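This report describes selected features of one molecular structure for a reader who is new to the subject. Please consult the sequence and the structure while reading.

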Amino acid sequence: MTRISLSPPAWLSWLLCCLSWTLAGAAPPPENLTFHPLTTAQGLSENSVLSAVQDRRGFLWLGTQDGLNRYDGAGFRVFRNDPQRAGSLSSNFILALAADAHGNVWVGTGGGGLCRYQPLADRFVTYQASDSSGLTDNFVRAVFCDRRGRVWAGAETGLHLLDQRTGRFRLFRHPDLGNVRRNSIRAILQAADGRIWVGTGEGRLSYVDERRGLLVPLTDWVPQAPITALAATPQGDLWVGVENAGLYFVGLRSGQRRSYQPGPAPGALPSDAVRSLLVDGQERLWVGTMSGLCRFNPGTGTFANWQHRAGAGRTLPNNTVLTLYEDRLGLLWAGTEQGLASFEPRPNAFSQPVPQHETGPVWALAEDAGRQLWLGTENMGLLRLNPVTRQLTRYRHDPADPTSLPDDFVRAVLPDRDGRIWVGTQSHGLAYLDPATGRFRRYRHNPADPTSLSDDNVRCIYQDRQGRLWVGTEGGLNLLDPVTGRCAAYRHNPRDPRSLSSNFVRCVYQDHRGNVWVGVGGGGLCRFDPRNGTSHAFRANPADPRSLSSNFVRCMYEDEQNRLWLATEGGGLSCLLDPEAGRFQTFREPQGLPNDVIYGMLPDGQGDLWLATNKGIARFTPRTRRFRTYDVRDGLPQDEFNAGAFCRRRDGSLLFGGGNGVVEFQPTAVRYNPAPPVVVFTGFRKFNQPARLDTSITERRTLRLAPRDYFFSIEFAALNYRLPDKNRFSYKMEGFDDEWIEAGGQHQATYTNLDPGSYTFRVRAANNDGVWNPTGAALKVVVEPPWYQTWWFRILASWVVFGLLFAAYRLRVSQLLALERVRHNIARDLHDDMGSTLSSISILSQLARNHQQRNNQEQASALLEQIGDSSRRMLDSMDDIVWAINPAHDSMDAVAARMRSFASDVLEARGIDFTFKVAPEVLEQRLPMRARREFFLLFKEAVNNLAKYAQAEFAAIRLDYEQRQLVLRVEDDGVGFDPQAPAQGGGNGMTNMRSRAAALKATLNLDTAPGQGTRLELRVPLK
């Protein structure tokens, strides 16, 4: 047994130190604050954070030496100077920040003047000494927005008040010029009485006299060094930080003055280099120095100090604290030379009662009647912690001492009602400790003794209400008699279904009815009857969702409603609803449990269950069936815990053990964040590339997309800065998504190929404790249709379709009319030519018959000759009609061939030489059926007249294509005729030709005279 205590010299030093603390006002050690750093590794543009402010929306703005940063909990957006882009930041060296009630952020820069960020336009407006605004210097060290919304800017040459209506500044200075730093404004604030106070580079503390336009120094203030920071108390007093001269309290009402300087006394200010001050919402003063962060205790006049701890997590990033800020939810921010850190102003609920290096992995925890804490470790034996003296006593295995701890790997600890401490080891059996002597009595498995412990691998120890001691091992369940050391062992018997379902006993529990429940590994849950040693098993059944969720039960607890809760390995949390029917209700990861492996379970005073898992500690509220999870981000030393290492102390605090030691907390002290997070849109991308908009996406209500923008992403954030990586999102594109999409921690949504139309994109968010903002944020998304899907194109297309249909209808009607005309013409021609010819043949045939009967052979022969001529003319007419209506003869090639054939038949029969020439262009043309027939018949009439009356020896026929006209020329060297004289033979040849030319809408010219031959020219227009 080893007691860890202080040696006499150390003890004496400790006593003297305690005495000095008492005399000095006894500054207690600093509370366990948890810092959450943000550095360039997380996207910060530069690690020296000189200023911070939160705007109206809730964004956190940070000024660094290399750019302005806007933080949304998920990432940083960096603003820098870009000379080639209008509206960019004027300088990257950001000294001061302030936010007004209109959402504007005012930026004081080193050399770039004063900038105003306009959130709607997403651009900066700059005021510089070179413009007409009245700013006298571009080095703006301080910016402040007072309670009236006015903007004050402190430059090297004085204090400036901006008139936002005119865009001009009013300058305030001290009446006496003094040295160059007398009017160098380093800090600005507004006191409780409304006066504006400034601290200068000369060290003066002055207020603004607006009536006279002057800075008036505080009369009894003695300048020592540049003032670096100011803070106002709600009572109307001031705190003043001075460079290398400490901290000062200025009681404006009482006239009291106090100075705080570094010194050897505990609780003294650690450094006289004060860089920042903050009075938080609880009226506590925080001081940023070159030696860490301090909080002032007004009761003792001392300071608690937090400094950077190298190699430790959740610590202050650096000891030089340049700026301090409190956001709307009370979270504090410290900007240092090595990054930014957020922290809660109260201590972390989770602590380690014993340092990790003293315990190593912890596998067992218990508290005895004297409130001493017992810890079973993996390789450091058994530990006992005195809650008053904090003395740690260690019990180790000594191979030479049979009364020592049997094994340094302790898996179970139980203080019984008689004051004995029972210890179960990994592989060396059971032992109990007599605290009075410090000696152990061992119980081991002996194969030759059936009353010995059933196995040396002890996993749990439990004492029921009757005082019986149950020991669970890897070889069955044991009922131990502490006096005789004899055990009644209960094991699994494959041949007995009423035996234990498995020998791997993990936990034992007695309910309010006196039933003994045994959780076994691989065998589920057993209801054990100690009277006869029989058990009834409940096992997992994959086909039955109301069965036990897993066959590996780690621990049990019966709540005030007599419900038996089971923590399982791999099956989450189960509740036994009906023991007789074997019905269970299960809660697993889909219901909010962080992990389905539960190693330990403890109740708190509010009826909640605390569950130790592989992914942190979960708090389950049975009434609401909701889980809240806590992990290393909340201050736990580890996320993964060990089986059996859990304990509830008499004061209500809970303890869980794991690989990094033990964690202790009061459930009521665990912070709960009830504020629903503000949800904002932060970015818009097209094809994974940032897209600039004419209005900031955060301020927009409607987003219009062109048809080519078919792949886009919308980024969003929840402005909750308490463990922001635990924020959760869900989103929905109304009109496209049927259900809400659970996005987890992902803060963007991507869509492709949305149909043209109007949609509403909605996003909701939950904070770190699962409190949802059900309203969230909404953005109307309008996808413009391509031109061929626009309303005007559809109307135009409908008119075009209507026009085409009407044109098709008209064409069809015209075709039908043309067909009707063709039929009519054919009928007319058949009637006129065929009818008259057949009538004449009929008459001539009757006359010929009469002459034959009278034996007038000459007259009969003449009549028969006429009948033959009429028949041939009728055949020619029929041939012309059939040829004209045949579509195969539409081409001019076919027309020219028929014309050539006809001319050859007629002219050669009369002995007239002729030429027939066709221009190549003519063969490419086509004539409609009606025009083709009229054209051919006109040509036929001309050739017949030439053959009958011209008495020519030579004729020339030519077809040409000139100026979109088909030209027919027929010339002969015959006798000619007088066009004015009556037609030869009394026929209607010329009349017929002119009527056919009119039908063709053609021009017919006839050039002839007696003795000069004849020249005919026909010009037919073609389409």
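Which residues of α5 are buried? The model considered here is predicted, and in it the buried residues of α5 are Met892, Ala894, Val895, Ala896, Arg898, Met899, Phe902, Ala903, Ser904, Val906 and Leu907. Helix α5 covers residues 892–909, which makes 18 residues. From its first C-alpha to its last, helix α5 reaches 25 Å, close to the 26 Å expected at 1.5 Å a residue. Just after α5 comes Gly911, whose phi is positive, at about 80 degrees.

**Aromatic pairs**

The structure contains 63 aromatic pairs. One of them joins Trp422 and Tyr432, and two of its values appear in the table below together with those of the pair Phe716 and Tyr731.

| Pair | Centre to centre | Angle between planes | Arrangement |
|---|---|---|---|
| Trp422 and Tyr432 | 5.0 Å | 50 degrees | tilted |
| Phe716 and Tyr731 | 6.1 Å | 50 degrees | tilted |

Trp422 belongs to strand β35 (residues 421–425) and Tyr432 to strand β36 (residues 430–434), so this pair ties together parts that are 10 residues apart in sequence. Trp422 counts as buried because its relative accessibility is 0%. Tyr432 has a relative accessible area of 17% and is therefore buried, since the limit for a buried residue is under 20%.

For the second pair, Phe716 and Tyr731 form a tilted arrangement. Phe716 lies in strand β60 (residues 711–718) and Tyr731 in strand β61 (residues 728–734), so the pair ties together parts that are 15 residues apart in sequence. Both Phe716 and Tyr731 are buried. These two residues also take part in one aromatic cluster, which is formed by Phe681, Phe684, Phe712, Phe716, Phe729, Tyr731, Phe736, Tyr751 and Phe761.

**Arginines over rings**

Aromatic rings in this model also face charged side chains. Arg195 lies over the face of Tyr207, at 4.9 Å from the ring centre. Arg764 lies over the face of Trp740, at 3.8 Å from the ring centre.

**A nonpolar surface patch**

Which residues form a nonpolar patch on the surface? The patch consists of Trp787, Tyr788, Trp791, Trp792, Ile795, Leu796, Trp799, Val800, Phe802, Leu804, Phe806 and Tyr809. Together they have about 1500 Å² of accessible area. One of these residues, Trp792, lies in helix α3 (residues 791–853). Trp792 is classed as partly exposed because its relative accessible area is 43%, a value that falls between the limits of 20% for buried and 50% for exposed.

Key
Residues are numbered from 1 along each chain as its sequence is written. This is a predicted model: local features need pLDDT of at least 70, side-chain atom pairs count only at pLDDT 80 or more; totals for chains, interfaces and linings use all residues. Side-chain values use heavy atoms; hydrogens and water are left out. Patches are made of residues with over 30% relative accessible area and no salt bridge: like charges are joined within 9 Å, nonpolar side chains (Val, Leu, Ile, Met, Phe, Trp, Tyr) within 5 Å. Accessible areas come from the Shrake-Rupley method with a 1.4 Å probe; for residues, only the protein chains shown count as cover. A salt bridge is a side-chain nitrogen of Lys or Arg within 4 Å of a carboxyl oxygen of Asp or Glu. Helices (H or I, at least four residues) and strands (E, at least two) are DSSP runs, numbered from the N terminus. Buried means under 20% relative accessible area, exposed over 50%, partly exposed in between (1.4 Å probe, protein chains only). Rings of Phe, Tyr and Trp (its six-membered ring) pair if their centres lie within 6.5 Å; planes under 30 degrees apart count as stacked, over 60 as edge-to-face and the rest as tilted. A charge sits over a ring if NZ of Lys or CZ of Arg is within 6 Å of the ring centre and within 35 degrees of the ring normal. The expected span of a helix is 1.5 Å times one less than its number of residues.
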